[in-house]
Structure formats: structure tokens, C-alpha cells
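Biologist: I've got this one open on my screen and I'd like to go through it with you. Can you take my questions one at a time?

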Amino acid sequence: MWLTPILPFMNDTEDNISGILHMCTEVKVYGVICFGMGLTLREGNREYFYEQLDRLFFRLKEKYMQTYGNRYIVESSDSDRLMKLFNQKCSEGGMVHNNEHIFQYLHTFEEKNLMKQLSIFDLNIK
């Protein structure tokens, strides 16, 4: 499972992270990928994100702009505490939470989407 995005001032709470990870434990998720408590906003995405904040959440755009400006990495002010919680809950739930180990695990699966060029000679036309 990929834990993203964690949106500062919106879902960057202990209850939210704990709840998500509890559900992951319940359904026996193998591992949880997490690159931090926040999100990335590249040029273009940032403008769209801010537009949606303006539309859906009164004055939250201004708070983001004042706090983060044009930063690419937008990290929760509670990032350190939430990452400790993340690591603790994953360990307690028996879930792998080392990104490198999860990506290595994913490479152990055989590829089933092998593409084959269709040929007219493969058709069984009578």
C-alpha cells in the first residue's frame, strides 16, 4: 500500500494515520510505502491544487502559500512525530515499511503482461 498524499492541515493527524494503518493490519497488507508525511507539488500541479483548495476549503490556500510558498516538498509540521507513529504501527502490525525492501519484494513476482504482437496467421479463420 502506498501512503500518500498526506495533506498538511487536512489529513496529517495521528488518528488518520493510525486508522489507515489499523485497516492495513486488518486486511494483512504486506508492506506500506511512505516517502514522508506530506506531498510534492511541482509547477502546474501546485496551481491546480491551490485552485481546488480555494474552491473547497475557505482560506486554506492562503495558509499553504504562507507556510510553503512555492516549495516542491510540502511536509507536515508534525512529520517527525507522524513518521515515528508510522514506523511503530507498521512494526506492531507486522508490515514491512522499508521502501527498498518493498520494491525488491515487488520484483519477485513474475511478469504476466508479456505483450505479443498479433499476427494474421494466429487467427483461426474458416
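**Talking through the model**

Modeller: Sure, and keep in mind that this is a predicted model. Let's start with the helices.

Biologist: How are the axes of H1 and helix H4 arranged: roughly parallel, roughly antiparallel, roughly perpendicular or oblique?

Modeller: Helix H4 covers residues 79-92, and its axis comes within 10 Å of that of H1. The two axes cross at roughly 20 degrees. Angles under 35 degrees count as roughly parallel, so H1 and H4 are roughly parallel.

Biologist: And which hand does the crossing of H1 and H4 have, left or right?

Modeller: That's the crossing at roughly 20 degrees we just went through. The hand of the H1 and H4 crossing is right.

Biologist: Now the stretch ahead of H1. Which peptide bond is cis?

Modeller: Most peptide bonds are trans. Pro5 sits in the segment before H1, and the bond leading into Pro5 has omega near -10 degrees. The cis bond is the one from Thr4 to Pro5.

Biologist: What's unusual about phi at Phe9, and what is its value?

Modeller: Most residues other than glycine have a negative phi. Phe9, also placed in the segment before H1, is not a glycine, yet its phi is positive. The value is about 70 degrees.

Biologist: Arg59 has a positive phi too. Is Arg59 buried, partly exposed or exposed?

Modeller: Arg59 lies in the loop between helix H2 (45-56) and helix H3 (60-68), with phi near 65 degrees. Its relative accessible area is 53%. The cut-off for exposed is over 50%, so Arg59 counts as exposed.

Biologist: Where does Trp2 sit, and what sort of surface patch does it join?

Modeller: Trp2 is in the segment before helix H1 (14-26). At 46% relative accessibility, Trp2 is partly exposed. Along with Phe35, Phe103, Leu106 and Phe109, Trp2 makes up a surface patch with about 550 Å² of accessible area together. The patch is nonpolar.

Biologist: Last one: how far apart in space are Tyr105 and Gly31, C-alpha to C-alpha?

Modeller: Tyr105 belongs to helix H5 (residues 99-106) and is partly exposed, at 30% relative accessible area. In sequence, Tyr105 and Gly31 are 74 residues apart. In space, their C-alpha atoms are separated by 9.5 Å.

Terms used:
Residues are numbered from 1 along each chain as its sequence is written. This is a predicted model: local features need pLDDT of at least 70, side-chain atom pairs count only at pLDDT 80 or more; totals for chains, interfaces and linings use all residues. Side-chain values use heavy atoms; hydrogens and water are left out. Patches are made of residues with over 30% relative accessible area and no salt bridge: like charges are joined within 9 Å, nonpolar side chains (Val, Leu, Ile, Met, Phe, Trp, Tyr) within 5 Å. Accessible areas come from the Shrake-Rupley method with a 1.4 Å probe; for residues, only the protein chains shown count as cover. A salt bridge is a side-chain nitrogen of Lys or Arg within 4 Å of a carboxyl oxygen of Asp or Glu. Helices (H or I, at least four residues) and strands (E, at least two) are DSSP runs, numbered from the N terminus. Buried means under 20% relative accessible area, exposed over 50%, partly exposed in between (1.4 Å probe, protein chains only). Axes are lines fitted to C-alpha atoms, for helices over the stretch in contact, and angles run from 0 to 180 degrees between N-to-C directions. Angles under 35 degrees count as roughly parallel, over 145 as roughly antiparallel, 65 to 115 as roughly perpendicular and the rest as oblique. A crossing is left-handed if the near helix is turned anticlockwise from the far one by less than a right angle, and right-handed if clockwise.
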